[in-house]
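I opened the coordinates today with a short list of things to look up. My notes follow the display.

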Amino acid sequence: MVRETLPSTRRPFDPPEALSRLSRGRRGERLLHVHEVPARSARTAPWPDWVAPPVYSAFSAAGMAGLWSHQREAADAAHGGTHVVISTGTASGKSLGYLLPVLSDVLEGSAAASGRGATALYLSPTKALAVDQLARLTALAIPGLRAATYDGDTAPDERRWIRDHAQYVLTNPDLVHYSMLPGHPRWAPFLRSLRYVVIDECHVYRGIFGSHLAVLLRRLRRVAARYGSAPTFILASATVADPQAQASALIGMPVRPVTLDGSPRESMTFGLWEPGLTYGRGVGGNGRDGDGDRSSAAGGGGVVRLDAPHRRSAVAETADLLADLVVDGVQTVAFGRSRAGVEAVAASARRSLGNVDPALGASVAAYRGGYLPEERRDLERRLRSGALRGLAATNALELGIDVSGLDAVLMAGWPGTCASMWQQAGRAGRRGSPSLAVLIAGDDPLDTYLVHHPEALFDRPVEAAVLDPQNPYVLAPHLAAAAAELPLTEADALVFGPTMVGLLEVLESRGLLRRRPGGWFWTRPERATDHVSLRGTGETVRIVERSTGRVLGTVDGTAAHSSVHTGAVYLHQGQSFVVAHFDVEDSHAIVVAGDPGWSTRARSVSAFDIGQVEQSKAWGPVELCFGTVDVRSRVTSFLRTLPGGEVLGEHALDLPERSLHTKAVWWTMTEQMLATAGVSEGNIPGAAHAAEHAAIGMLPLVATSDRWDIGGVSTALHPDTGRPTILVYDGHPGGAGFAERGFHAAATWLTATRDAIVACQCSTGCPSCVQSPKCGNGNEPLDKAGAIALLTAVLAGLAGRGEGVSGPG
């Protein structure tokens, strides 16, 4: 409930006091831990002599009389032609580190006969970030600088002018993939002078998306070389474990890291908050995507037990805290993981505040992708001016958009990685004042573990980003696209890696490429790039409205069977549609507008076949393995469920089995060791299933995976192993690197999994420990106590090797 005491004047912000006010009364037990991040003093450096006078004048007029040490180090390295990655904290001014060499060189290049002796390409993961960067450049009013954004919203006439005249083009990987590289002859003058490529927020590029970008950048290097240019790459990243390794993997060349942050930072108070348990009917708890044990066809749904206790929604809890901070005059951003969650936080806070003062209700808004550009710009302007006191936002605001002056940040659920957590927390305190950050745990095993184990957040380095540009399922379609851009020759293996020739021969055998004396050529009439999705693998399914014929959107082929099967209820921009027909062969789903009053959840069965064991280790009677597997799954039926959780009925589906060839980590146990641990033969299925759910939820602790990037299967007796087996796999063809990280960090991962289940206050299992809202088997059978005993027995083998695993509790 919102406090009705309004501050008469704005007091200097005191984060510990603000947190104390939030946790008064019944909320006292919800604040589990407070961590103080100390202030950091500045390390300065003078301006380099090589900076172009107009650039120096513009920045100095904007109040930048000197540089932080990391800005100077990165700028000097890039200006000297060294590839460099700047990995420092939020609001540390990383952009100045790449703008100084980029702007200086493109301005000096304007004296060339073409007017473009040097050009630069800026890549950001979102259009909004590129627009914001351009706005900051425009505000500097540097004479002679011709900079422009180039994306899907750019008009044809503007595109032509940009290709012919712009010196600094700000865009995104999708445009480079679908437009610039396939149409590189039109970009020839720009590419011929390409001096720099800037990759902003490069920590975002991990997993499959990162692997795609890595190959895309190799294609860009190859086409640029065709025009005689070899650009210097400058990457900007939030703090990650090994920025040099990640940046080198992305561009395929050695990179110099700049990691010593010279910028000052005021202190931060960081609270860990867990909503209380509630009882009664409920499904899943917080509206977020669930663990998704991808035994349920990578997105199939199961019903959470209706009588199970569950945490109060992180969305509802965050809305209350946001409203209270706004009442206290604390300008706050609340981050949510989904668009729907962000809208719910804002709407709930507005309602609560409107009961106190209508003007306060109007000072809260939502900010997410999908808004029109002018709406987003207006929200950013109102936030900067102070007219907005509270904002609920997706990570569209996390990624570097220049919003300063915030006092506090709330995070509705774990944002996925430590890097993202610190990135979001760093949005507060941007004017040299102390700040407050609060992480509110969602109804999820990893959230539960982290708020009960603050050392896992504050006493360990941030994660390493994982990507694999040699994944054949990623590399092969990019090679086809590269052949369509320029014929491929064996010499291109220096760019694309040693597996290139073998993959080209496979593409040739499938009739996609033809080998001639000049190399491998693309042979088909369609665009090769249309066969590659940068953010996934495989085909997509079109969702078509029957009455109008318009395409509402697409869904990844791996998720289509569970989300757009015939009879499914599909949500698009808040509107409900019912799938009238799902055509598996033609990859489209026909939908009809209408809200039937229920939701649908797919159910599925799955199994796996072990291919090759690439690595293994023994933990006593337990064998831990990593290798290739084939996961077979089939959606068998769907449930119609009312909003309160009541199941109206189950309806059979006749869909084909799908197979996923991928990488996995798995461990096998003996029935004897489990019996000794108190897990009888009849209880093995429930114990293994519960342990599998929790392990999926906890893998992001050690690998920079999203829970939709991974899946799992468990069995009491697997024919390939002859033992009870639990398997967690990468949910993308060919793998994504997450399962391998789990293999190498298995001790940390499985210990944390066991501890998260032990720490949960429920008696028989809930979404905070072993239940999954996306389980294809309806969360049956599950045995929480059995899972604890199973994992403790597994870890006992590790302890026997002297690696120091602690006991539960």
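The entries below go through a sheet, some helices, a second set of strands and a few single residues. I am working from a predicted model.

**Entry 1: the seven-stranded sheet**

I began with strand order. The sheet is open, has 7 strands and reads E6-E7-E5-E8-E9-E4-E10, with parallel pairing. Which strands sit at the edges? I found strand E6 (147–149) and strand E10 (256–258) there, each pairing on one side only. I then looked up the twist, which averages 15° from one strand to the next.

I picked one pair inside the sheet for a closer look. Strand E4 (residues 84–87) and strand E9 (residues 232–237) run parallel and are joined by 4 bridges. Ser 87 stands opposite Ser 237 in E9.

**Entry 2: helices on the sheet**

Next I asked what lies across these strands. Helix H3 (residues 69–79) lies across E4, E8, E9 and E10. I noted its angle to E10 as about 160°. Angles over 145 degrees count as roughly antiparallel, so H3 and E10 fall in that class.

Helix H5 (residues 127–140) lies across strand E5 (119–123), E6 and strand E7 (168–171). Its angle to E6 is about 155°. By that cut-off, H5 is therefore roughly antiparallel to E6.

**Entry 3: H4 against H5**

I stayed with H5 and turned to its contact with helix H4 (residues 94–108). The two axes come within 13 Å and cross at roughly 60°. H4 and H5 are therefore oblique to each other. The crossing is right-handed.

Which residues meet here? From H4 I listed Ser 95, Tyr 98, Leu 99 and Leu 103. From H5 I listed Gln 133, Arg 136 and Leu 137. I sorted the residues of this contact into 4 nonpolar, 2 polar and 1 charged.

**Entry 4: strand E14**

Is strand E14 (residues 332–336) buried or exposed? I found 5 of its 5 residues buried, so E14 is largely enclosed by the rest of the structure.

In a regular strand, side chains alternate between the two faces of the sheet. I therefore checked each face of E14 by itself. Thr 332, Ala 334 and Gly 336 are on one side, and Val 333 and Phe 335 are on the other. All of them are buried, and both faces are covered.

Then I looked up the partners. E14 pairs with strand E16 (residues 390–393) in the parallel sense, over 4 bridges. The bridge partner of Phe 335 in E16 is Ala 393. E14 also runs parallel to strand E17 (residues 408–412), with 5 bridges joining them. In E17, Gly 336 has Ala 412 as its bridge partner.

**Entry 5: the loop between E8 and H9**

Two residues in this loop caught my attention. Arg 206 is found between strand E8 (194–199) and helix H9 (207–226). Its relative accessibility is 23%, so I logged Arg 206 as partly exposed. What does Arg 206 contact, beyond its neighbours within four places in sequence? I listed Thr 417, Ala 465, Val 466 and Thr 704. Val 466 is 260 residues away along the chain, yet its C-alpha atom is 5.4 Å from that of Arg 206.

Glu 201 is found in the loop between E8 and H9 as well. Its relative accessibility is 6%, so Glu 201 counts as buried.

**Entry 6: positive phi**

Most residues other than glycine have a negative phi. I noted two exceptions. Phi of Glu 201 is near 55°, a positive value. Ser 587 has a positive phi of about 55°.

I placed Ser 587 in the loop between strand E24 (575–583) and strand E25 (588–593). At 22% relative accessibility, Ser 587 counts as partly exposed.

**Entry 7: Thr 725**

My last lookup was Thr 725, in strand E31 (residues 725–730). Its relative accessible area is 1%, so Thr 725 is buried.

What does Thr 725 touch, not counting residues up to four places away in sequence? I recorded Phe 608, Trp 666, Trp 667, Thr 668 and Met 669. Val 713, Ser 714, Thr 715 and His 718 are also on the contact list for Thr 725. I also took down a C-alpha separation of 9.6 Å between Thr 725 and Glu 623, which are 102 residues apart along the chain.

Notes: Residues numbered from 1 in each chain as written. Predicted model: local features only at pLDDT ≥ 70, side-chain atom pairs only at ≥ 80, totals over all residues. Heavy atoms only, no water. Buried < 20%, exposed > 50% of the residue type's maximum accessible area, 1.4 Å probe, protein only. Contact = heavy atoms within 4.5 Å. Pairing = 2+ DSSP bridges. Axes fitted to C-alpha atoms, helices over the stretch in contact; angles between N-to-C directions. Parallel < 35°, antiparallel > 145°, perpendicular 65-115°, else oblique. Left-handed = near helix turned anticlockwise from the far one by under 90°. Nonpolar A, V, L, I, M, F, W, Y, C, P; charged D, E, K, R; others polar.
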